[in-house]
Each structure stands twice: as C-alpha cells, then as structure tokens.
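Colleague: I should like to take a close look at one part of this model and then see how the rest is arranged. Please explain each step in a way that a first-year student can follow.

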Amino acid sequence: MAAIVLDGNKIGAEIRAEVASEVKAMTAAGIRPGLAVVLVGNNPASEIYVRGKVKSSEEVGIYGEKHTPPDNISTQALLDLVIDLNRRDEIDGILVQLPLPPQVDAKKVLMTVDPAKDVDGFHPVNVGFLSTQRPGLVPCTPAGIMEILKRSNIPIASQEAVVVGRSDIVGKPTAMLLTNANATVTICHSKTRDLPGVCRRGDILIAAIGRAGMITRDFVKPGATIIDVGMNRVTDPAEFAR
C-alpha cells in the first residue's frame with residue numbers, strides 16, 4: 001500500500017484564507033479582532049513560535065501586539081500585565097507563551113487570563129468545557145490535528161486512536177477531542193508497557209511525546225494514519241536516519 005502524505009501546509013493555507021475572509025467581514029462591520037502575545041525573556045524556541053503566531057495574525061488581518069517583559073519579571077508584575085490586557089476591549093485574545101521563568105507562578109498567571117480571551121485553551125474553565133463537550137476555546141495544536149483528519153477525510157468515529165504523550169497542552173486535549181468525535185482512545189507515554197504493541201493497535205496514531213526518533217516503523221500497523229506533532233532539532237545523522 002502506497003503511503004499518502006497528509007498535506008498540513010495546504011490545509012493551513014486553506015484555514016488562513018477562511019479566517020482572513022471572516023476577519024475582513026468583521027473589520028468591515030467595525031470590529032477588528034485583536035491578539036496580545038506575551039513573551040517573557042529570550043527563549044530561542046519561544047521566540048520562533050511567537051514570531052510565527054504574530055506573522056500569521058497579521059497575514060489574516062488580526063490586530064496584534066507583542067509584550068516582551070524581561071526574564072527577571074515577578075509573578076505580580078506579570079499578573080498586572082495580564083489583568084490590564086483582560087480589561088482592554090480591543091484585545092480579544094491573550095496568549096502567554098510557555099515556558100515561563102522559574103520564579104514566575106505559571107499556573108497562577110494562566111488562571112488569571114480571562115477564559116473568554118484564553119486563545120490557548122489552558123484555563124480550567126476551557127478545559128472543563130472541552131471535557132464536557134461544551135463550546136469553548138480549544139488548544140490550537142489539538143484543534144489543528146482534528147482539522148487535518150477531518151479535511152483529509154480520515155474516518156474518526158469507531159476508529160482506534162492512540163495518543164503517545166499526556167501533556168496538558170497536546171496529549172490530553174487531543175485525546176478528549178478524539179473521544180468527543182467517537183473514537184476509542186488510548187493515551188500512552190514513555191512508561192507504557194509494550195509501547196510498540198499498543199501503538200500498533202491504532203488506526204490513528206498521534207505522536208506527541210516530545211522525543212525525536214521514539215516512534216519508529218515497528219510502532220505502526222499497515223494502513224494507519226500518523227500525525228507527528230513533535231518538532232525537535234536533530235544533529236546526529238544516525239538519529240536522523242532512524
């Protein structure tokens with residue numbers, strides 16, 4: 001059976017075009033969506049992510065602003081910034097880029113973001129909405145996974161789905177979305193016994209383990225749909241060849 005590549009770039013372009021059309025209509029009606037991104041310090045990976053998010057927002061016509069407090073900021077100072085963004089009517093979405101410096105109480109900061117502006121879907125209110133199948137803001141990567149599956153006409157209902165990874169950001173919400181779409185879902189991780197065997201049960205296999213090269217061909221059954229969420233820098237040619 002020849003492999004079929006799911007074209008995430010093409011699907012992303014389609015979604016951006018759809019969003020741009022919606023934003024154009026909203027702007028014509030006098031409502032321009034606004035996004036505020038908070039990036040603390042100079043984490044290189046975070047800077048790449050934030051740059052991409054700001055660029056994508058600008059491309060579809062969303063007003064965007066970036067806040068870059070120093071990495072020695074206190075929890076209270078960051079809370080004050082978030083509270084100010086909560087109050088501003090022209091800001092519809094707030095994104096606090098993780099990770100935060102160790103002296104900052106990240107959970108307290110995320111809890112302070114207005115759930116209606118929590119575009120990452122990390123606030124417990126939005127997590128609760130997701131788990132009870134109520135409308136709310138959903139983490140973007142899990143939402144993107146579902147869009148790829150749906151727009152690629154991959155069956156989800158009644159399929160066995162295996163999610164490798166249990167993070168609050170990707171693994172758990174992805175499992176909930178798949179469950180809500182009537183898949184039979186198994187969540188596993190690096191401590192799962194016979195991980196290759198568990199993965200081979202999956203009609204849909206989501207790799208979100210955060211470790212390069214962990215999922216190899218012996219983890220995948222013929223005909224399975226695989227989505228690799230991880231992005232890792234690989235410098236060892238032998239590891240890349242795996």
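In which helix is Asn126 found?

Modeller: Asn126 is found in helix H5. Please keep in mind that this is a predicted model. The relative accessibility of Asn126 is 4%. Since buried means under 20%, Asn126 therefore counts as buried. Leaving aside residues up to four places away in sequence, Asn126 touches Pro115, Asp118, Gly121, Gly136 and Leu137.

The next step is to ask what H5 itself packs against. One neighbour of helix H5 (124-131) is helix H7, as the buried residues of H7 pack against H5. The axes of H5 and H7 are 9 Å apart, and the two helices pack at an angle of about 30°. Angles under 35 degrees count as roughly parallel, and H5 and H7 are therefore described as roughly parallel to each other. On the H5 side, the contact is made by Val127, Leu130 and Ser131. On the H7 side, these residues meet Pro173, Met176, Leu177 and Asn180. Sorted by character, the residues of the contact of H5 with H7 comprise five nonpolar, two polar and no charged.

It is useful to follow H7 further. Helix H7 covers residues 171-180, and its buried residues are Gly171, Pro173, Thr174, Ala175, Leu177 and Leu178. An α-helix has 3.6 residues a turn, so residues three or four places apart point the same way. Besides H5, the buried residues of H7 pack against helix H6 (140-151) and against strands S4 (160-164), S5 (184-188) and S6 (204-207). Just after H7, Asn182 takes a positive phi of about 75°.

Two loops beside these elements also hold residues with a positive phi. Ser158 has its place in the loop between H6 and S4. Its phi is near 70°, a positive value in a residue other than glycine. Because its relative accessibility is 65%, Ser158 counts as exposed. Asp194 has its place in the loop between S5 and helix H8 (195-199). Phi of Asp194 is near 50°, again a positive value in a residue other than glycine. With a relative accessibility of 53%, Asp194 counts as exposed.

We may now turn to an open sheet. Three strands form it, in the order S2-S1-S3, and the pairing is parallel. Strands S2 and S3 are the edge strands, each pairing on one side only. From one strand to the next, the twist averages 15°.

Strand S1 (residues 34-38) is mostly covered, with five of its five residues buried. In a regular strand the side chains alternate between the two faces of the sheet. Both faces of S1 are covered: on one side Gly34, Ala36 and Val38 are buried, and on the other Leu35 and Val37 are buried.

Strand S1 has a partner on each side. Towards strand S2 (residues 63-67), five bridges join the two strands, which run parallel. Within S2, Glu65 is the bridge partner of Ala36. The chain goes from S1 to S2 through helix H2 (residues 44-59), and this β-α-β crossover is right-handed. Towards strand S3 (residues 93-96), four bridges join the strands, which also run parallel. In S3, Ile94 is the bridge partner of Ala36, while Leu95 is the bridge partner of Val37. Ala36 thus has a bridge partner in S2, namely Glu65, and another in S3, namely Ile94.

The crossover helix offers a residue to set beside the buried ones. Ala45 lies in helix H2. Its relative accessibility is 37%, and Ala45 therefore counts as partly exposed. The C-alpha atoms of Ala45 and Val164 are separated by 22 Å, and these residues are 119 residues apart along the chain.

One peptide bond beyond S3 completes this account. Pro99 lies in the loop between S3 and helix H4 (106-112). The peptide bond that leads from Leu98 to Pro99 is cis, with omega near 5°.

To return to the starting point, Asn126 is found in H5 and counts as buried at 4% relative accessibility. Helix H5 in turn packs with H7 at an angle of about 30°.

Technical notes. Residues numbered from 1 in each chain as written. Predicted model: local features only at pLDDT ≥ 70, side-chain atom pairs only at ≥ 80, totals over all residues. Heavy atoms only, no water. Buried < 20%, exposed > 50% of the residue type's maximum accessible area, 1.4 Å probe, protein only. Contact = heavy atoms within 4.5 Å. Pairing = 2+ DSSP bridges. Right-handed = clockwise from strand over helix to strand, strands pointing away. Axes fitted to C-alpha atoms, helices over the stretch in contact; angles between N-to-C directions. Parallel < 35°, antiparallel > 145°, perpendicular 65-115°, else oblique. Nonpolar A, V, L, I, M, F, W, Y, C, P; charged D, E, K, R; others polar.
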